Amino acid sequence: MTTLRKSLADYLELRRGMGFKLRYYERRLGRFLSFIEERGAKKITTKLAIQFATHDSDLKPRTMAGRLSEVRSFARYQLAHDAATEVPPRHLLANGGTPAKAYIYSESEIIRLLRAARKQSE
């Protein structure tokens, strides 16, 4: 088992110990390690992380950003074990999502909400 593979196993065990399910996470990070091993790399770099996240042009921007975020989380963990690890900056890839529009309640709506909440607590 390579050092990165062992580190990934330790990382996943730690996260699971904190209650995370990590259903797909393990598979995706395993694919990332295969990706960098195929390129002969022995450490995580920002360039490789971006290449991995974006190498399939059929993916949606949100999926690409999610992949990079997962690699980033593992890279932060790995940095404690290998100072040569590069942690990709946050928000390097736009997630393509549309932010929710703010809704400002009117005074009458707020009063109705408060009355309903009071009624529920009685």
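These exercises work through a pocket, two backbone outliers and a surface patch in a predicted model.

**Exercise 1. Characterise the largest pocket by volume and lining.**

Step 1: Take the volume. The largest pocket holds about 220 Å³ of space.

Step 2: Count the lining. There are 13 residues around the largest pocket.

Step 3: Locate the centre. Ala 65, Ser 69, Arg 72, Arg 90 and His 91 are the lining residues nearest to it.

Step 4: Sort by class. The lining comprises six nonpolar, four polar and three charged residues.

**Exercise 2. Leu 22 has a positive phi; find its place in the chain and decide whether it is buried or exposed.**

Step 1: Read the angle. Phi of Leu 22 is about 55°, and this residue is not a glycine.

Step 2: Place it. Leu 22 sits in the loop between α1 (3–17) and α2 (25–38).

Step 3: Apply the cut-off. Buried means under 20% relative accessible area. Leu 22 has 9% relative accessibility, so it is buried.

**Exercise 3. Do the same for His 91, another non-glycine residue with positive phi.**

Step 1: Read the angle. Phi of His 91 is near 60°.

Step 2: Place it. The loop between α4 (61–79) and α5 (107–121) contains His 91.

Step 3: Apply the cut-off. Exposed means over 50%. His 91 has a relative accessible area of 67%, so it is exposed.

Step 4: Link back. His 91 also belongs to the lining of the largest pocket.

**Exercise 4. Describe the nonpolar surface patch and classify Leu 114 within it.**

Step 1: List the members. Tyr 103, Tyr 105, Ile 110, Leu 113 and Leu 114 form the patch.

Step 2: Give the area. The patch covers about 530 Å².

Step 3: Classify Leu 114. This residue lies in helix α5. Its relative accessible area is 52%, so Leu 114 counts as exposed.

Note on methods. Residues numbered from 1 in each chain as written. Predicted model: local features only at pLDDT ≥ 70, side-chain atom pairs only at ≥ 80, totals over all residues. Heavy atoms only, no water. 1 Å grid on protein atoms, 1.4 Å probe; cavity = no way out; pocket = protein on both sides within 12 Å on 5 of 7 lines; lining within 4 Å. Points joined across faces, edges and corners; volume = space filled by probe spheres on them. Nonpolar A, V, L, I, M, F, W, Y, C, P; charged D, E, K, R; others polar. Helix = DSSP H or I, 4+ residues; strand = E, 2+ residues; numbered from the N terminus. Buried < 20%, exposed > 50% of the residue type's maximum accessible area, 1.4 Å probe, protein only. Patch = residues over 30% accessible without salt bridge, like charges linked within 9 Å, V, L, I, M, F, W, Y side chains within 5 Å. Areas by Shrake-Rupley, 256 points an atom, 1.4 Å probe, with all protein chains shown as cover. Salt bridge = Lys/Arg side-chain N within 4 Å of Asp/Glu carboxyl O.
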